[in-house]
Amino acid sequence: MLYPALFLLLALATFHVSSKGEAPPVAPSLPPAAREFLEAHNEARAEVGVEPLRWSEQVANVTSKLVRYQRDKMGCQFANLTAGKYGSNQLWAHGTAVTARMAVEEWVKQKLFYNHTDNSCVPNHKCGVYTQVVWRKSLELGCAQATCVKEDASLTICFYNPPGNYVGESPY
């Protein structure tokens, strides 16, 4: 059981300015955390009829380097991802361990506030981490996590290639 005073989560998505079925199985050769990230993403995508993501070792390596930097130099603080070439989601948690699936499920909770009919979000709520998870044009995924013992916190980051969340464009 999670107690609100002991469990704090913050999620953040990157936005870009522009121009229902079962998720498919994931390759068993992937490490368990990668498989868990991919399965959770693809289940959410299948719910809205979006093609599954593929795991990218290249994208995961970039994500891993950033997460390690944030752990080692920044105390698990949110990374500044505004200049990156990938779409991104971040989750910061305090006081509890977060699995890959838990992180994705936290992002997908924003679906409750997203109105696909007019591509809007309920006032005073955010939907960007959810829309990045299900962004139809994103094809590849790479994620990483770090735990900061001193801060009793963890940071999860996923990168999406190509990026999503183009303002005014529907995710699916």
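Cys143 and Cys158 form a disulfide, with their sulfur atoms 2.1 Å apart. The torsion about this S-S bond is about 110°, so the disulfide is right-handed. The pair links distant parts of the chain. Cys143 belongs to strand β6 and Cys158 to strand β7, 15 residues apart. Cys143 and Cys158 are both buried. The model described here is predicted.

The structure holds three disulfides. Counted along the chain, the bonded cysteines follow the pattern 1-5, 2-3, 4-6. One of the disulfides joins Cys76 to Cys148, with an S to S distance of 2.0 Å. The torsion about the S-S bond of Cys76 and Cys148 is about 90°, so this disulfide is right-handed. Distant parts of the chain are linked by this pair. Cys76 lies in the loop between α2 (57-74) and β3 (87-94). Cys148 is in strand β6, and the two cysteines are 72 residues apart. Both Cys76 and Cys148 are buried.

Another disulfide joins Cys121 to Cys127, again with S to S at 2.0 Å. Its torsion about the S-S bond is about 80°, so the disulfide between Cys121 and Cys127 is right-handed. The burial of the two partners was examined separately. Cys121 is partly exposed, with a relative accessible area of 27%. Cys127 is buried, at a relative accessible area of 7%. That value falls under the 20% limit for a buried residue.

Strand pairing was considered next, beginning with β6. Strand β6 spans residues 140-148 and pairs with strand β2, residues 54-55. The two strands run in the parallel sense, over two bridges. Within this pairing, Trp55 has Leu141 of β6 as its bridge partner. Strand β6 also pairs with strand β7, residues 153-161. Here the strands run antiparallel and are joined by nine bridges. Gly142 stands opposite Phe159 in β7. Strands β6 and β7 form a hairpin, with four residues between them. In the turn, Asp152 has a positive phi of about 50°. The disulfide of Cys143 and Cys158 links these strands as well, with Cys143 in β6 and Cys158 in β7.

Salt bridges were then located. A search of the whole structure finds eight of them. One salt bridge is formed by Lys111 and Glu47, whose closest N and O atoms are 3.1 Å apart. Lys111 lies in the loop between α3 (100-108) and β4 (114-115), and Glu47 in helix α1 (residues 32-47), so the pair ties together parts that are 64 residues apart in sequence. Lys111 counts as partly exposed, at 29% relative accessibility. Glu47 is partly exposed too, with a relative accessible area of 37%.

Helix α3 supplies a further pair. The side chains of Glu105 and Arg101 meet in a salt bridge, at 3.8 Å from N to O. Glu105 and Arg101 are four residues apart in helix α3, so about one helical turn separates them. Glu105 is partly exposed, with a relative accessible area of 41%. Arg101 is partly exposed, with a relative accessible area of 23%. A salt bridge is also made by the side chains of Lys109 and Glu106, at 3.1 Å from N to O. Lys109 is partly exposed, at a relative accessible area of 48%. Glu106 counts as partly exposed, at 23% relative accessibility. Salt bridges that share partners join Glu43, Arg101 and Glu105 into one network.

The surroundings of Gln132 were also examined. Gln132 is placed in helix α4, which covers residues 128-133. Gln132 is buried, with a relative accessible area of 0%. Its side chain reaches the backbone nitrogen of Gly164 at 3.2 Å. Neighbours within four places in sequence were left aside in listing its contacts. On that basis, Gln132 is in contact with Gly87, Ser88 and Asn89, and with Ser138 and Tyr160. Pro163, Gly164 and Asn165 are also in contact with Gln132. Gly164 thus appears both as a contact of Gln132 and as the residue whose backbone nitrogen the Gln132 side chain reaches.

Definitions and conventions:
Residues numbered from 1 in each chain as written. Predicted model: local features only at pLDDT ≥ 70, side-chain atom pairs only at ≥ 80, totals over all residues. Heavy atoms only, no water. Buried < 20%, exposed > 50% of the residue type's maximum accessible area, 1.4 Å probe, protein only. Polar contact = N/O pair within 3.5 Å; in protein donor to acceptor, adjacent residues only side chain to side chain. Contact = heavy atoms within 4.5 Å. Pairing = 2+ DSSP bridges. Salt bridge = Lys/Arg side-chain N within 4 Å of Asp/Glu carboxyl O. Disulfide = S-S within 2.5 Å.
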